[in-house]
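Student: Could we go through this structure step by step, with the reasoning behind each answer set out in full?
Tutor: Yes, let us begin by looking at it together.

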Amino acid sequence: MSKVSIPSLPPFSSLRISVCSLALSIKRLPFLRISLRTSSCITELWHPTLLVIPAWGPRESLSLPWNPFGMGRAVLRNCRRFLPSLGQPSGSRWLMLESSIFLATPSHTMIRCWTPQPCLVLFPLGMDGMVERLALIYTSPWPRGNASLPAMEMTKWFDTNYHYIVPELGPDVNFSYASHKAVDEYKEAKALGIDTIPVLVGPFSYLLLSKPAKGIEKSFSLLSLIGKILPIYREVVTELKAAGASWIQFDEPTLVKDLDAHQLQAFTYAYTELESSLSGLNVLIETYFADVPADTYKTLVSLKGVTGYGFDLVRGTKTLDLIKGVFPPGKILFAGVVDGRNIWANNLASSLSTLQALEGIVGKDKLVVSTSSSLLHTAVDLVNETKLDNEIKSWLAFAAQKIVEVNALAKALSGHKDEAFFSANAAAQSSRKSSPRVTNDAVQKAATALKGSAHRRATNVSARLDAQQKKLNLPILPTTTIGSFPQTADLRRVRREFKANKISEEEYVKAIKEEINKVVQLQEELDIDVLVHGEPEVRGMTWLKYFGEQLSGFAFTVNGWVQSYGSRCVKPPIIYGDVSRPKPMTVFWSSIAQSLTKRPMKGMLTGPVTILNWSFVRDDQPRFETCYQIALAIKDEVEDLEKAGISVIQIDEAALREGLPLRKSEEAFYLNWAVHSFRITNSGVQDTTQIHTHMCYSNFNDIIHSIIDMDADVITIENSRSDEKLLSVFREGVKYGAGIGPGVYDIHSPRIPPTEEIADRINKMLAVLESNILWVNPDCGLKTRKYTEVKPALTNVVAAAKLIRSQLGSAK
Ligand SMILES: [Zn+2]
């Protein structure tokens, strides 16, 4: 195998500093500062700035997702220990970046500058209970509420896996300037000799990413607060100017979404109102994650007082056409040509030619090379990857490598092309194109053969349910659980010893089998109708990893962490080639589990859409093609499970919704192939095989018809935290004929729901759903709970189901 040299920055020796200072600044200080204002409260937007270097990944500090929320003060103390090194030039990441980019930058090409950390905007509000609710967030590993204080909603930052806490606003809100973090960090960097561009979430996006607080009319216009929020922005701007800032960046990613004329007017109003405060500063307005619609583009580029615009030209190829059509003379274009959302090496030759074309339009000194979005959504540094082979590594670029790519493109644009670097890149591109590891003819053929069929099961769902009932003979309101059971110390030990080669495979299998047997016996004692095996063989990793490691076309990183929320990180698999399933993945354990009971045992699989949406997906073919390939692999598994005597198979699609495109016009296309992919997985089974699917959310009123179109026999859904939301869709008359199990208790809480409460929930469901399709189950898997919680809770679940069954029986 040929040697590859990974383009690399100097070692990230100080990465921990940013992890810790991020933890410090987000978790504690702002809150402590604010909490002195007892009558006011805060809201915040955790937001990734453009070109933020992800703070996660150094080997030594992150072998596991790490969570300072749960660890409290101990971690804060540790963090402080690292802070002093920030002032040492050699230990400073800012300086390291500065030297790698700026010193190598020719004078006529600008390179994006950045604030090194996500910018936090904090505003005290006049909403009751918000201080206390935020305190809950800062002191617990999950933004959970308690009996008197509901949790604040955490939601995904656009279509990324990064989360922010949604500000809750109402007409009486009063904003004030609470956190001076943007200014403090500007000064901190400046003291090190670096003039950064401070980044703020723009006022327009801030408001549209918020939501009306509880009790506030849904029709309340968040943008009606624009006049109230602008004075705060003026204060920040004034302070930044006084500190010596010459640039300011406003992130307005909401501009890539569907906006009406009224909203665009509010946008123009905001920046027109800010114009005088901004004078003397270079102003950059940044968008990302998709193309900018034509009307929005027109509004955006006609703003006065703006120096430059930033666009995502990887996901926004239509924006490229708009720029080619018209770009305001004299303005600077920040061209996002290096993908900030993926881990693939850039095609430098192609990017360079795009940039050269753009230079012809905007002018030679008006073009800035940039990543398409913040690098917060990609892994940190390929240098940390010890297990990936050189061939695959040569196809990849993590954040550190992407910075080098941006730099190389800027240099090339100014006539200082690094020929060796470009030809190594071209060689890697062509090796990726021609590698037999990427292309599998059999898979390509099978995927092509899919076209032309919608893959619908031949019999309709009610006839299938009848056939399944004959075979399974379940009571009405059958009970089941979602999949996982609690983790025990014994189990952890067994896995640890097996990993360390301290016990043989035989001993490991025996131990796991014993664990499954325990879980089976418990469920039989509890009198649950459809059993699960508890997933002991998966615990310690995710299903995604479990499957990915058994599918070809997948690779796994050792340190490719990506921030999900707070300090919680995920390590997405990399799908680099055609996907196939060399051999059965779950049949062994499912068969063992089924052999231990006469009751139906659910086979457990993750659906193709979820595997796709939680991975770094190859960029050399459309996403739907990759999804179809995964669907075919899962189909093989489903059919092998059926052959092995498993009559109930659950195919989870937890992430179906989060793959939704940012714009309405693209939703139908996505939902069509996503739902089709799910149907492919079980299109080959007999009527008597019952297909379940599970979703961890209930917010799907708008896509209910796609959910129905998945044509699963039974769907189990998160519900207990949002009763009304889920059931309302059925109240509104949506016809649903398949089995459905809206969760009857919230497994995220240690609270044990009394039987009467569960019975009450079931009755609420029966008001809108037929008794012959209703299932009784918890909201989600039980792996985060203890047996001391799970046993009494499930006892009550079964008791409630039996109570309602007998009531229904006597009512007849
Ligand atoms: Zn779930």
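## Annotated sites, a covered strand and a helix

Student: Which residues does I482 touch, not counting residues up to four places away in sequence?
Tutor: This is a predicted model, and in it I482 is placed in the loop between α17 (461–472) and α18 (489–499). I482 has 25 C-beta neighbours inside 10 Å and therefore counts as buried, since 20 or more are needed. Once residues up to four places away in sequence are set aside, the residues that I482 touches are H694, T716, N777, P778, C780 and G781.

Student: Is S484 buried or exposed?
Tutor: S484 lies in the loop between α17 and α18, and, leaving aside its neighbours within four places in sequence, S484 is in contact with G534, E535, G781, L782 and K783. Because S484 has 23 C-beta neighbours inside 10 Å, the class it falls into is buried.

Student: How many Å apart, at most, are the C-alpha atoms of the residues that UniProt lists under "binding site"?
Tutor: The unreviewed UniProt entry places the feature "binding site" at I482, G483, S484, E535 and D652. These residues span 171 residues in sequence, yet they gather at one spot, because no two of their C-alpha atoms are more than 13.8 Å apart.

Student: On strand β21, which residues make up the two covered sides?
Tutor: Strand β21 (residues 690–695) is mostly covered, with 6 of its 6 residues buried. In a regular strand the side chains alternate between the two faces of the sheet. Both faces of β21 are covered, with one side formed by Q690, H692 and H694 and the other by I691, T693 and M695.

Student: What is the handedness of the β-α-β crossover from β20 to β21?
Tutor: Strand β20 (residues 648–652) pairs with β21 in the parallel sense over 3 bridges, and the bridge partner of I649 in β21 is I691. Between these strands the chain passes through helix α24 (residues 664–682), and this β-α-β crossover is right-handed.

Student: Which residue in β22 is the bridge partner of M695?
Tutor: Strand β21 is also joined to strand β22 (residues 714–717), by 4 bridges, and these two strands run parallel. Within that pairing, the bridge partner of M695 in β22 is I717.

Student: How far apart are the end C-alpha atoms of helix α9, and what span should its residues give?
Tutor: Helix α9 (residues 261–278) has 18 residues, which at 1.5 Å a residue should span 26 Å. The computed separation of its end C-alpha atoms agrees with that expectation, at 25 Å.

Student: Which helices do the buried residues of α9 pack against?
Tutor: The buried residues of α9 are Q263, A266, F267, A270, Y271 and L274. An α-helix has 3.6 residues a turn, so residues three or four places apart point the same way. The buried residues of α9 pack against α7 (203–208), α8 (226–243) and α10 (294–301).

Student: What separates the C-alpha atoms of K228 and V173, in Å?
Tutor: K228 lies in helix α8 and counts as partly exposed, because it has 17 C-beta neighbours inside 10 Å. Not counting residues up to four places away in sequence, K228 touches V173 and F175. Although K228 and V173 are 55 residues apart along the chain, their C-alpha atoms are separated by 8.5 Å.

Notes: Residues numbered from 1 in each chain as written. Predicted model: local features only at pLDDT ≥ 70, side-chain atom pairs only at ≥ 80, totals over all residues. UniProt positions renumbered as here; feature names shortened; annotations may be inferred. Buried ≥ 20, exposed ≤ 12 C-beta atoms within 10 Å, placed from the backbone. Contact = placed C-beta atoms within 7 Å. Pairing = 2+ DSSP bridges. Right-handed = clockwise from strand over helix to strand, strands pointing away. Expected span 1.5 Å × (residues − 1).
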